[in-house]
Amino acid sequence: MPGQDARATSKVVPETEALRGIWLTRGKDGRLTAYVPGDGGLRRWTETRPGGPGWGAPDVVPGPRLTHLAVTQTTEAYVHFVGRRERTAADGGVTVDIVHAIQYQTGRPPSAWHPLGTPHKEGHRGGPLGAPVAVVSRPGELHIAVRDGDGGMRLLREKPGGRWGVWGVLHGKNIKGDPAVVALDSGCVTVLAATDEGALHWQQAEPGGRWGGSERLGVTLTPGSPAALETAPGSTTYYGTDPADGVVAYRADTGPMPLGGAPGEGAPAVMRTVLDGFDCTVLAHRGANGCAIVGVGVTEKEADGVWWSDTGVPCLTTPALIHDAQGRVVMAVTGADGVPRVARQTDGPGLSFEPWREL
């Protein structure tokens, strides 16, 4: 049942069988919620009060067996879950589709999971379907981007009121790994994806409008490593791993800028925050040594340096970053033992964290 106690059912599903990851959201009441894959769906922990530091006992958000999950929020703090589901077909093959659910209030049961199909009419072509990446634009439209089985990019939109469109095509080919998608303050959405020949970029011309053709950017990124952040009005900075230079940042007016950081697999988590009166960008990724690595630099001044710190805390996947109700940065990781841990920003100068807390 939704909200059932998870203490007796908290076994972690092996990474070879199901999805991995950790996600943080902040509800309309200001309380943070952490989600981690577990038996029967997602294990969920919620702060006992806005700003913490206490967290309640875990419960379970029931869900189908997923291989990948995207979590995003609306301006009303509704939480959208978008997952990639695999099922065994009658002929012994694998049927793949995208499913969706919504959580309207902190700690409350989500809606039922609804299938959204796939871009492919033929079920057997669903196998190579990539992981969904989801964002909500300022006008309130949920956008789901996914690499299709032919190496192209597809996009599905849910308009306000819950009306779904059809799977559209973003022109491009030979896409590798998952895309980076960001909703801009202008109301437009932008997408970046890696290919063998460089990165491809798409952007809406106007909120809710059509998409133009792809633009090839002068940066090479390891598949699955791109991330994106609006770093000034209308200005998007893309991050990812360059095979030679480690983490790089890219904007159309600067070209690729090496940032260092000794990254492992996957994309970094990125966010903006104010530190000592400066608008700063925080990056967090799983380092090559398997531990959570955090980098800080002044936003859009990467040339002045990014300062990296190894937390020494092992993590299975990319950490999660969010602001709590007091505006402090909170980072969460899933350890190699499957236990989620969170660390909250201290009140001192710069960016430092209190001791890690096991959930």
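Mentor: Two strands pair if DSSP finds at least two bridges between them. Strands (E, at least two residues) are DSSP runs, numbered from the N terminus. The model is predicted, with local features needing pLDDT of at least 70 and side-chain atom pairs pLDDT 80 or more, while totals for chains, interfaces and linings use all residues. Residues are numbered from 1 along each chain as its sequence is written, and side-chain values use heavy atoms, leaving out hydrogens and water.

Trainee: What pLDDT does the chain average?

Mentor: pLDDT is the predictor's confidence in each residue, from 0 to 100. In this chain, 93% of the residues score at least 70, and the average is 90.

Trainee: Over which residues is the pLDDT below 50?

Mentor: Where pLDDT is low, predicted coordinates should not be read in detail. Beyond near neighbours in sequence, the stretch in question has 33 contacts in the model (heavy atoms within 4.5 Å). The pLDDT is below 50 over residues 1-17.

Trainee: Which strands are the edges of the open sheet that contains β6 and β7?

Mentor: This sheet has 4 strands in the order β5-β6-β7-β8, with antiparallel pairing. Each edge strand pairs on one side only, and the edges are β5 (66-73) and β8 (114-117).

Trainee: Which residue of β6 is the bridge partner of T72?

Mentor: β5 and β6 (residues 79-88) pair in the antiparallel sense over 7 bridges. One partnership joins A70 to V82 in β6. The hairpin of these strands has 5 residues between them, where A77 takes a positive phi near 75 degrees. The β6 partner of T72 is H80.

Trainee: Which residue of β29 stands opposite V342?

Mentor: Another open sheet, also of 4 strands, has the order β26-β27-β28-β29 and antiparallel pairing. Its edge strands are β26 (320-323) and β29 (357-358). Strand β28 (residues 340-344) runs antiparallel to β29, and 2 bridges join them. Opposite V342 in β29 stands R357.

Trainee: Which strand gives the most residues to the largest nonpolar core?

Mentor: A nonpolar core is a set of buried Ala, Val, Leu, Ile, Met, Phe, Trp, Tyr and Cys residues joined through side-chain atoms within 4.5 Å. The largest one has 14 residues, and those with the most contacts inside it include M153, L170 and W202. Strands supplying at least two residues each include β9 (133-136) and β11 (153-159). The strand giving the most, with 3 residues, is β15.

Trainee: How many disulfides are found in the whole structure?

Mentor: A disulfide is a pair of cysteine sulfur atoms within 2.5 Å. The sulfur of C315 cannot bond to the closest cysteine sulfur, in C291, because the two are 6.9 Å apart. A search of the whole structure gives a disulfide count of 0.

Trainee: What is the relative accessible area of C315?

Mentor: Buried means under 20% relative accessible area, exposed over 50%, and partly exposed in between (1.4 Å probe, protein chains only). C188 counts as buried at 6% relative accessibility. C315 is buried too, and its relative accessible area is 2%.

Trainee: Which residues does G52 touch, not counting residues up to four places away in sequence?

Mentor: G52 lies in the loop between β3 (41-46) and β4 (59-62). This glycine is buried, with a relative accessible area of 2%. Its C-alpha atom is separated by 8.3 Å from that of L32, 20 residues apart along the chain. Leaving out residues up to four places away in sequence, G52 touches E47 and R344.
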